[in-house]
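Open the structure in your viewer and keep the selection tool at hand. The stops below say what to select next and what is there.

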Amino acid sequence: MSTPYPTAPAAPIAAPATTERSTPTRAPAKPAKPRIPLMAQPRVQRVVYPLLVGLVLIALWQGLVTALELPPYLVPSPLLMLKTLFTDWAALGGSLWVTVKITVLAFGVATVAGVLISFLFVQSKRIETALFPYAVLLQVTPIVAVAPLIIIWVKDPTASMVICAALVALFPIISNTTLGLRSVEPDLQSYFQLNRATRMQTLLRLRIPSALPYFFGGLRISSGLALIGAVVAEFVAGTGGQGAGLAYQILQAGFQLNIPRMFAALLLISLTGVALFALMAWGTRLALGSWHASENSHD
């Protein structure tokens, strides 16, 4: 009797593999930012609100002049002032250019001189103590009293008026920049001393960045003071002809009782001051908007 060969046990049948598709997991959608209404945006408010107040004041001014029947040689209406501005633009536009030129030159001179003086003050407390009272003396001395002497000493009328206006605009830059260069965090100053930084390295990398907000604040004040100094210098100099500024136009209009033209010149001076301040504010946001808290606050 033959024995059968041993057979290997049958392998178990594997169950068919089920291929499951992995469904991609979607990231949770970010909640959409609430859309701020147009009138609730700070940039729009900074433009619209002053314009609304100005329109209300102009309407009130026009209404009072019309209701009280005030003559133009006392108080002109806003419409008459704007009409005079357009009709006399040939003379007023040239005078505006002269005043703006003197203001810009004086502002540049005051900025350069003020920054250099502040750098000198910050090098030594003794130097600041000895010279800062003279900077205060320039500020408290009326420019009307000093301008005739400067005009006599300096033969060029434009240069003399630039010097007068620069003296008026100098002190805010000196005081603000010096304060900013002194306002350094003690820990950062100790860190620079620990690393044996030189005075120049400390000035360029620590003091100047810390002083920038103060410096731009001084520029905003100084820009308006430069315009005031230019107008006062023009009043004192009394230059006429092609080199006449807006101050001379105001004097001539007062002598001729051309009050609408006087108001038109005053309007140009005011608009120039607003434009200078807005330009300095734009420069401040451009320089400090990406890192300083004073320009990043939205309150």
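Select Leu 257, in the loop between helix H9 (246-255) and helix H10 (259-288). This is a predicted model. The phi of Leu 257 is near 55°, a positive value in a residue other than glycine. Is Leu 257 buried or exposed? Its relative accessibility is 58%, so Leu 257 counts as exposed.

Next, go to Glu 69, in the loop between helix H1 (42-68) and helix H2 (78-87). Glu 69 also is not a glycine, and its phi is positive, about 55°. With 68% relative accessibility, Glu 69 counts as exposed.

Now show helix H3 (residues 89-123) together with H10. Their axes come within 11 Å and cross at roughly 35°, and the crossing is right-handed. To see the contact, select residues of H3 including Trp 89, Leu 96 and Phe 107, and residues of H10 including Arg 261, Leu 268 and Met 280. The residues of this contact comprise 11 nonpolar, 2 polar and 1 charged.

Stay on Arg 261 and add Asp 88: their side chains form a salt bridge, 3.8 Å from N to O. Arg 261 belongs to helix H10 and Asp 88 to the loop between H2 and H3, so the pair ties together parts 173 residues apart in sequence. Arg 261 counts as buried, at 18% relative accessibility.

How many salt bridges does the structure hold? There are 3. For another, select Lys 125 and Glu 128, whose side chains meet at 3.8 Å, N to O. These two are 3 residues apart in helix H4 (residues 125-140), which puts about one helical turn between them. Lys 125 counts as exposed at 53% relative accessibility, whereas Glu 128 is buried at 13%.

Keep Glu 128 selected and add Arg 182; this salt bridge spans 2.9 Å, N to O. Here Glu 128 in helix H4 is linked to Arg 182 in helix H6, 54 residues apart. Arg 182 is partly exposed, with a relative accessible area of 30%. Lys 125, Glu 128 and Arg 182 are thus joined in a network of salt bridges.

For the last stop, select helix H5 (residues 143-153), where Ile 143, Ala 147 and Ile 150 are buried. Look down the axis of H5: the buried residues fall within an arc of 70°, so they line one face of the helix. Turn to the other side of H5 to find Ala 145, Ile 152 and Trp 153, which are exposed. Then show helix H6 (157-182) and helix H8 (199-237), which are among what covers the buried residues of H5.

Notes:
Residues numbered from 1 in each chain as written. Predicted model: local features only at pLDDT ≥ 70, side-chain atom pairs only at ≥ 80, totals over all residues. Heavy atoms only, no water. Buried < 20%, exposed > 50% of the residue type's maximum accessible area, 1.4 Å probe, protein only. Helix = DSSP H or I, 4+ residues; strand = E, 2+ residues; numbered from the N terminus. Arc of directions from axis to C-beta. Contact = heavy atoms within 4.5 Å. Axes fitted to C-alpha atoms, helices over the stretch in contact; angles between N-to-C directions. Left-handed = near helix turned anticlockwise from the far one by under 90°. Nonpolar A, V, L, I, M, F, W, Y, C, P; charged D, E, K, R; others polar. Salt bridge = Lys/Arg side-chain N within 4 Å of Asp/Glu carboxyl O.
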